Amino acid sequence: MTSDDLRPRFLALLREHHKIVLKVASVYARGRQDRSDLAQEIAIQLWRSFPRYDPERRFSTWMYRVALNVGISFARRERVRDGRIEPRAEPPDLADDAGEPDERLARLHAVIAGLAELDRALILLYLEERPHSEIAAILGISETNVATKLGRLKQRLRGQIAATATET
């Protein structure tokens, strides 16, 4: 198949699942411009990888895997460029159509922003209510490892969120 044959199918799938790109970009990039740049970088990598996509598998699983790999690489490049690990400068845009974000949700996002790249991917997929089998497929780890890591991560997050609640 040529690029011209793949393009309409790819664009339709990208439109259908575009929120995955936006979510990953919001987790791994600081600032509106960085999020936009990362979203474009993810879309470009998805297009480059699309000829290798196996239609027998769920597109969203494949898309998450590619998007998270690009997001993690982006975050690592930024960390090396900055010479330090630093939480995002501005919180993600949490307001939805209903209005202002919940204070607890803002604390959760602040704590997630401070996690290591792979832990952010894990918690993002968990919050998306992806099954352990799909998380395992996306991250390339076993389901048992997903369950173990998630249990430890949730416990750590509860402690960190409780600590930030007492600080305010």
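**Figure 1. Contacts along the chain and overall make-up.** Residues 24 or more positions apart account for 69% of the contacts in the protein chain with a separation of 6 or more. The model is predicted. The protein chain has eight helices and zero strands. From the N terminus on, the order of elements is α-α-α-α-α-α-α-α. The chain holds 168 residues, and buried residues make up 37% of them.

**Figure 2. The largest nonpolar core.** This core has 44 residues. Val24, Tyr28, Leu46 and Leu68 touch the most other members. Two or more residues come from each of α1 (3-16), α2 (18-28), α3 (31-49), α4 (59-82), α5 (103-113), α6, α7 (132-139) and α8 (143-167). Helix α4 gives the largest share, eleven residues. In soluble globular proteins, nonpolar side chains tend to be buried together.

**Figure 3. Close-up of leucine 46.** Leucine 46 is one of the core residues that touch the most other members. Residues up to four places away in sequence are not counted in what follows. Leucine 46 touches Phe10, Leu14 and Val21. Leucine 46 also touches Trp62, Met63 and Val66.

**Figure 4. Helix α1 against helix α3.** The axes of α1 and α3 come within 10 Å. They cross at roughly 135 degrees. The two helices are therefore oblique to each other. The crossing of α1 and α3 is right-handed. On the α1 side, the contact is made by Ser3, Leu6, Arg7, Phe10 and Leu14. On the α3 side, it is made by Ala43, Leu46 and Trp47. By class, the contact of α1 with α3 has six nonpolar residues, one polar and one charged. Of these residues, Phe10 and Leu14 are also among the residues that leucine 46 touches.

**Figure 5. Helix α2 against helix α6.** The axes of α2 and α6 come within 11 Å. Their crossing angle is roughly 140 degrees. Helices α2 and α6 are therefore oblique to each other. Their crossing is right-handed. Helix α2 makes the contact through Lys23, Val24, Val27 and Tyr28. Helix α6 makes it through Glu117, Arg120, Ala121 and Leu124. The residues of this contact divide into five nonpolar, no polar and three charged. Val24 and Tyr28 of this contact are also named among the core residues that touch the most other members.

**Figure 6. Buried residues of helix α6, with glutamate 117.** Helix α6 spans residues 117-127. Its buried residues include Arg120, Ala121, Leu122 and Ile123. Leu124 and Leu125 are buried too. Glutamate 117 is found in this helix. Glutamate 117 is buried, because its relative accessible area is 8%, under the cut-off of 20%. Leaving out residues up to four places away in sequence, glutamate 117 touches Tyr28, Ile72 and Ala75. Glutamate 117 also touches Arg76 and Arg79.

**Figure 7. Glutamate 129, after helix α6.** Glutamate 129 follows α6. This residue lies in the loop between α6 and α7. Its phi is near 60 degrees, a positive value in a residue other than glycine. Glutamate 129 counts as exposed because its relative accessibility is 71%, over the cut-off of 50%.

**Figure 8. Valine 146 in helix α8.** Valine 146 lies in α8. It is buried, with a relative accessible area of 0%. Not counting residues up to four places away in sequence, valine 146 touches Leu122, His132 and Ile135. Valine 146 also touches Ala136 and Ile141. Leu122 is one of the buried residues of α6. Valine 146 and serine 133 are 13 residues apart in sequence. Their C-alpha atoms are 8.5 Å apart in space.

**Figure 9. Lysine 154 in helix α8.** Lysine 154 is found in α8. With a relative accessible area of 25%, lysine 154 is partly exposed. Lysine 154 and tyrosine 126 are 28 residues apart along the chain. Their C-alpha atoms are separated by 10.0 Å.

Notes. Residues numbered from 1 in each chain as written. Predicted model: local features only at pLDDT ≥ 70, side-chain atom pairs only at ≥ 80, totals over all residues. Heavy atoms only, no water. Buried < 20%, exposed > 50% of the residue type's maximum accessible area, 1.4 Å probe, protein only. Helix = DSSP H or I, 4+ residues; strand = E, 2+ residues; numbered from the N terminus. Core = buried A, V, L, I, M, F, W, Y, C linked by side-chain atoms within 4.5 Å. Contact = heavy atoms within 4.5 Å. Axes fitted to C-alpha atoms, helices over the stretch in contact; angles between N-to-C directions. Parallel < 35°, antiparallel > 145°, perpendicular 65-115°, else oblique. Left-handed = near helix turned anticlockwise from the far one by under 90°. Nonpolar A, V, L, I, M, F, W, Y, C, P; charged D, E, K, R; others polar.
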